Amino acid sequence: MLRFLVRRVLGAIVILLLISAVTYFLFFALPADPAALSCGKNCNPQTLALIRKNLGLDEPVPVQYWQYMIGIFLGRNMTIGHCSAPCFGYSFASQQPVWSTLMNRYPTTVTLAAMGALIFLVIGVGLGLISAARQGTAFDKIASAVSLTGQSVQIYFIGPLAIYLFADTLGWLSRGHDPDWTHDPVGSITGMILPAMVMSVIFWSNYSRQTRSLMVEQLSEDHVRTARAKGMTSRYVFMRYALRGAMGPIITIFGMDLSSVFGGAIITEYTFGLHGLGQLAVSAVTQTDLPLEMGVMLFGAAAIVIANIIVDACYAVIDPRIRLS
Amino acid sequence: MMGLPGLLPRFLRAPLGLDRGFAATVGVTMSSPTQATTYPEPSRSTGGADATVAAEIVGRSPRQLAWLRFKRDRTGIVCAVIVAFFILVAVFAPVITWLYGKNAYTLYGQDDNLLNSYGLPVKANGGIDADHWFGIEPGLGRDIFALLVYGIRTSLGISLCVTLLSVALGVCVGLVQGYLGGGTDYVVGRFSDLMMAFPSQLFFIAFTPVIIAMFVSPSDQEPTWIRFTALVLVQFALGWMSLGRLVRAQVLSLRTREYVEAAHLSGASPGRIIRRELLPNVWSTVLVQATLLLPLNVTAEAGLSFLGVGMQKPTPDWGLMFQDAAQYYRSDITYMFFPGIAMVVFVVAFNLLGDAVRDALDPRTVR
């Protein structure tokens with residue numbers, strides 16, 4: 001298990017280094033003049049020169065990248081002052097260190113993504129399990145119709161409708177606010193229920209479909225039939241034998257979906273006016289705040305890669321064969 | 001009697017899935033006189049067919065078989081009609097708005113005093129009346145019907161370009177990877193892994209302005225077509241990998257087939273083998289994936305515009321309508337429903353069409 005984890009972590013570090021290099025290159029080498037890009041529409045020569053100096057754009061791109069990476073691991077001295085260890089530079093717009101902005105914003109996105117994922121796993125896998133147990137019944141058909149519709153709606157369409165109906169008209173749920181785990185843990189959860197529910201809808205269908213077909217496949221396996229023949233109850237066989245075989249592929253699918261979960265969280269944040277990484281990324285882009293954009297991008301990529309390792313580790317716990325391959 | 005129905009499906013399936021080599025010899029179905037024009041579904045063919053087998057053998061190409069199978073799928077047909085309707089709306093948007101008598105840029109609400117001082121439509125239900133079928137937009141006061149028709153045109157245009165480019169590159173990459181194997185396969189494979197590791201939504205948000213900055217100086221106002229191109233390029237950059245992987249996996253299994261080896265032995269060049277032997281066998285996968293990819297691209301593009309980093313006002317765009325409507329949902333929720341329902345119908349129809357196409361092309365897949 002340790003060897004497996006070490007291998008996965010090393011692979012992840014390589015991927016992250018490559019992503020940072022590609023991103024840095026795209027941001028700072030591809031545009032003819034990155035300083036002009038971050039200077040925006042009303043630019044004068046003074047600000048342009050200042051930006052160029054602040055970003056270290058007078059150096060060659062590989063040197064800039066090297067300094068950027070040194071800054072992340074060791075900290076670096078910048079024109080604006082010293083910037084300690086995880087240094088992603090300073091935001092142009094707010095003059096704040098990018099890292100502290102990220103630290104302020106990430107709990108919203110992580111809470112939303114985690115709650116959304118929990119909800120869609122429970123609902124999606126649940127629908128799939130019941131459909132597999134009751135193949136061909138009305139429930140099966142209704143469940144597949146519901147999840148197909150769910151797959152085809154958009155967060156930005158049902159989000160406002162859900163706020164209008166459940167928060168403004170019926171008053172059942174909060175219309176969504178940023179979590180504050182240190183001061184108000186309960187409110188952090190209740191404030192996220194509506195956004196997380198809305199976000200989960202688009203994922204139901206994939207999981208219910210996959211779970212259903214995996215379970216149907218598992219139920220026709222020899223060991224399941226043997227277990228039934230030995231006299232175990234069908235409920236026991238269903239939950240302990242077939243479900244266990246189906247869990248592995250579902251976890252794999254979940255691992256591949258992490259990036260879209262994150263993307264869904266971005267759209268949901270924006271729809272519900274939450275202040276997370278997605279909202280940060282959008283405002284960084286509209287203000288052409290390059291250091292902030294770069295920071296959000298790397299942070300997002302790292303979050304997905306780390307979440308992927310966790311998912312892989314779970315899979316390895318469930319299915320020992322994975323550790324060896 | 002079990003023999004015939006049992007045997008038939010295997011024969012019919014073979015040519016459609018992977019084995020083009022089979023197609024020429026067994027792309028043949030039996031047909032009784034009454035069924036001369038329809039394709040007899042294997043499970044329903046009756047014992048009577050036995051007698052007529054020898055007499056009535058009609059040769060059909062795999063494509064014809066797939067088409068016949070598709071025609072029997074009622075859901076598939078309905079969805080194809082809906083999808084075709086949306087595409088026609090997009091193509092003939094100028095004609096539709098001309099017939100309708102409004103355009104997507106005139107500020108009817110402000111010109112005709114249809115908006116109150118808060119910028120909301122004066123009439124009930126978002127200002128729906130005989131002149132403005134879907135009402136008028138709060139704020140600017142444009143006609144929602146015209147806006148939606150043109151918005152569909154913009155969004156579908158972008159998504160179609162993205163889909164075509166992604167499919168083309170994905171197929172090329174997959175064929176090259178699968179056929180050449182070895183070092184090429186490894187390098188390209190790791191590169192596509194890297195691209196898959198990017199958080200796509202963030203990538204789209206962050207790099208659209210960068211690509212635009214490649215074409216125009218940031219201090220200038222960029223023309224609409226540049227934004228269009230940038231959106232296509234940025235989505236295309238992360239759109240080709242999944243299809244590439246699928247095609248690669250298929251080519252890997254096809255490469256060892258006898259007919260490919262035979263072509264190789266008879267001196268066919270790699271280009272010819274790829275074009276004539278491999279490509280025809282992956283096109284069904286490609287078609288199915290393309291139909292599933294397009295609705296995803298439509299919603300992604302609309303999502304970007306919704307976030308404010310896609311198309312910009314006053315260009316009509318499906319996603320921009322959501323952004324606009326989301327600001328007014330408390331006072332004018334009607335506005336939200338037109339783009340919303342149109343998009344749900346479009347995506348449902350496209351997804352079901354994708355399923356139907358898959359069933360028609362490859363009946364082995366069990367759902």
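These are my notebook entries on a predicted model with chains A and B.

**Chain A, overall**

I started with the basics. Chain A has 13 helices and 2 strands. I put a box along the principal axes, and the C-alpha atoms of chain A fill roughly 80 × 55 × 40 Å. I then checked burial: 41% of the 325 residues of chain A count as buried. For contacts between residues at least 6 apart in sequence, I found that 66% join residues at least 24 apart.

**Chain A, domains**

I looked up the domain assignment next, and it splits chain A into domain 1 (2–83) and domain 2 (98–324). How far apart are the centres of domain 1 and domain 2 of chain A? I get 32 Å, taken over C-alpha atoms. The two still touch, with 16 residues from domain 1 and 15 residues from domain 2 in the contact. On the domain 1 side, helix H1 (2–28) and helix H2 (34–39) of chain A each supply at least two residues. H1(A) gives the most there, with 12 residues. I sorted that side of domain 1 by class and got 11 nonpolar, 4 polar and 1 charged residues.

**Chain A, UniProt record**

I pulled the UniProt annotation, an unreviewed entry. It lists "transmembrane region" for residues 9–30, 110–130, 142–166, 186–205, 241–267 and 296–318 of chain A. I checked two of these ranges against the model. Residues 241–267 of chain A are 100% helix and 0% strand, with the end C-alpha atoms 38 Å apart. Residues 142–166 of chain A come out at 92% helix and 0% strand, and there the end C-alpha atoms are 23 Å apart.

**Chain B, overall**

I ran the chain totals again for chain B. Chain B has 17 helices and 2 strands, and 44% of its 367 residues are buried. Of the contacts in chain B with a separation of 6 or more, 70% are between residues 24 or more positions apart.

I also picked out one helix, H4 (residues 62–72) of chain B, where B:Pro62, B:Leu65 and B:Ala66 are buried. Why do they end up on the same side of H4(B)? They cover an arc of only 95° around the axis, so they share a side of H4(B). The textbook background is that an α-helix has 3.6 residues a turn, so residues three or four places apart point the same way.

**Where A meets B**

I listed the contact between the chains: 44 residues come from chain A and 36 residues from chain B. Which helices of chain B each supply at least two residues of its side? I found helix H10 (182–197), helix H11 (200–215), helix H15 (270–307), helix H16 (318–327) and helix H17 (334–361). H11(B) has the largest share, 10 residues. By class, the side of chain B that touches chain A holds 26 nonpolar, 9 polar and 1 charged.

**Nonpolar cores**

Last, I went through the cores. The largest nonpolar core has 140 residues, and A:Ala281, A:Val296, B:Leu148 and B:Ile205 touch the most other members. Domain 1 (2–83) and domain 2 (98–324) of chain A both give residues to this core, so the core lies between them. I zoomed in on A:Val296. Leaving aside neighbours within four places in sequence, A:Val296 is in contact with A:Leu102, A:Leu277, A:Leu280, A:Ala281, A:Ala284 and B:Leu202. I also noted a second, separate core of 15 residues, including B:Val171, B:Met241, B:Val247 and B:Val251.

Notes:
Residues are numbered from 1 along each chain as its sequence is written. Chains are lettered from A and ligands numbered from 1 in the order in which they are written. This is a predicted model: local features need pLDDT of at least 70, side-chain atom pairs count only at pLDDT 80 or more; totals for chains, interfaces and linings use all residues. Two residues are in contact if their C-beta atoms, placed from the backbone, lie within 7 Å. Helices (H or I, at least four residues) and strands (E, at least two) are DSSP runs, numbered from the N terminus. Ala, Val, Leu, Ile, Met, Phe, Trp, Tyr, Cys and Pro count as nonpolar, Asp, Glu, Lys and Arg as charged, and the others, Gly among them, as polar. Domain bounds come from an automatic or database domain assignment. UniProt positions are given in the numbering used here, feature names are shortened, and annotations may be inferred rather than shown by experiment. A residue is buried if 20 or more other C-beta atoms lie within 10 Å of its own, exposed if 12 or fewer, and partly exposed in between; C-beta atoms are placed from the backbone. The arc is that of the directions from the helix axis to the C-beta atoms. A nonpolar core is a set of buried Ala, Val, Leu, Ile, Met, Phe, Trp, Tyr and Cys residues joined through C-beta atoms within 7 Å.
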